[in-house]
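Trainee: Please give me a close look at one part of this model. I would like to know how its sheets are put together.

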Amino acid sequence: MKMETRVFADIDALSRAALEEVLRIVHEAVARNGRCAISLSGGHTPEKMFALWSSDEYREGTPWDAVHLFWGDERYLPRTDPLSNYAMTKRTLLDRVPIRAANVHPMPTDFLKAEEAARAYAAELRSFFAAGSPAFDAQLLGLGSEGHTASLFPASSALAEKEAWCLAVTVPATPPQRLTLTYPILNQARNTYFLVSGESKKDIVRAIGADPDLAASQYPAARVRPVGPLYWFLDQAAVP
């Protein structure tokens, strides 16, 4: 596994660099396989990137018919709720670009039980990847101040999951009910980008950097050990 840290002056520079990396991967994947699968994250930093992606500068240069968008986690709320990761992406990106509805794969949040929704999303992923490896060409991940990523929080039983690709979890955050991808699929990604910005992330970045055993770390983000390259994009404010 290759791990690399890059530092940018601010969130705007970080967002532009991340987008240009993703677009490079999109074009390479489409040339190689005819499609590109991307796993998105929620949060303020990706929001900046999505808004940039939908701008005139980048929108027309994206082969939208070949891009498939998935999510790494979701709050178990209606898709119209302001706290929904899908709602944020729809507002900043999906409503502004010519992507086909069939290419957008949000996590379902309309099942009576969240566990049923998790199984349904796992089935959709298995259908999409079919007999091949469940490898996103690019996945974007964030970092919580206590070390969570996606909706994998410290001390969660989901950290030990070895088989299921998607789980329903209850987390110490608002709202508590979530859906999240798990390490069995996160660690298959071909390219992984942690996007971390703001002074509030400085302490956790320092803690992860000092952790002697990342594979068994108390910080879930540190346990993401993908088969492909792993990049940490930090703005200057998040650097310890």
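Mentor: What follows starts with the sheets and then moves out to the rest of the chain.

First, some ground rules. This is a predicted model, in which local features need pLDDT of at least 70, side-chain atom pairs count only at pLDDT 80 or more, and totals for chains, interfaces and linings use all residues. Residues are numbered from 1 along each chain as its sequence is written, and side-chain values use heavy atoms, with hydrogens and water left out.

Start with the open sheet of six strands. Its order is 1-9-8-5-2-3, and its pairing is parallel. Strands here are DSSP runs of E with at least two residues, helices are runs of H or I with at least four, and both are numbered from the N terminus. Two strands pair if DSSP finds at least two bridges between them. Strand 1 (3-8) and strand 3 (67-71) stand at the edges. Each has a single partner strand, so one side of each has no neighbour in the sheet. On average, neighbouring strands of this sheet are turned by 20° against each other, direction ignored. That angle comes from axes, which are lines fitted to C-alpha atoms (for helices, over the stretch in contact); angles run from 0 to 180 degrees between N-to-C directions.

Now follow strand 2, residues 36-40. Strand 2 pairs with strand 5 (residues 138-141) in the parallel sense, over two bridges. There, serine 39 stands opposite glutamine 139 of strand 5. Strand 2 also pairs with strand 3, again in the parallel sense, over five bridges. Alanine 37 stands opposite histidine 68 in strand 3.

Stay with strand 3. Five of its five residues are buried, so strand 3 is mostly covered. Buried means under 20% relative accessible area, exposed means over 50%, and partly exposed lies in between (1.4 Å probe, protein chains only). Val67, Leu69 and Trp71 point one way from strand 3. His68 and Phe70 point the other way, and all of them are buried. There is a general pattern behind this. In a regular strand the side chains alternate between the two faces of the sheet.

Next comes the other open sheet. This one has three strands in the order 4-7-6, with antiparallel pairing. Strand 4 (73-75) and strand 6 are at the edges, each with a single partner strand, so one side of each is left without a neighbour in the sheet. The average turn between neighbouring strands of this sheet is 20°, direction ignored. Strand 6 and strand 7 pair in the antiparallel sense over five bridges. One of the bridge pairs joins valine 169 to arginine 178 in strand 7. Helix 5 (residues 114-129) lies across strand 6 and strand 7, running at about 155° to strand 6.

Then look at the loops. Between strand 6 (166-170) and strand 7 (177-181), the loop holds proline 175. A cis peptide bond joins threonine 174 to proline 175, with omega of about -10°. The loop between strand 5 and strand 6 holds alanine 150. Alanine 155 is found in the loop between strand 5 and strand 6 too. Alanine 150 has a positive phi of about 50°, although it is not a glycine. Phi of alanine 155 is near 70°, also positive in a residue other than glycine. Alanine 150 counts as buried at 12% relative accessibility. Alanine 155 is exposed, with a relative accessible area of 79%.

Now go back to the six-strand sheet from another side. Helix 7 (residues 202-210) has the buried residues Ile204, Val205 and Ile208. Seen down the axis of helix 7, they fall within an arc of 105°, so they line one face of the helix. The arc is that of the directions from the helix axis to the C-beta atoms. The face turned away from this buried side carries the exposed residues Asp203, Gly209 and Ala210. The cover over the buried residues of helix 7 includes strand 8 (192-196) and strand 9 (230-235).

Finally, step back to the whole chain. It has seven helices and nine strands. Of its 240 residues, 55% count as buried. Residues 24 or more positions apart account for 76% of the contacts with a separation of 6 or more, where contact means heavy atoms within 4.5 Å.
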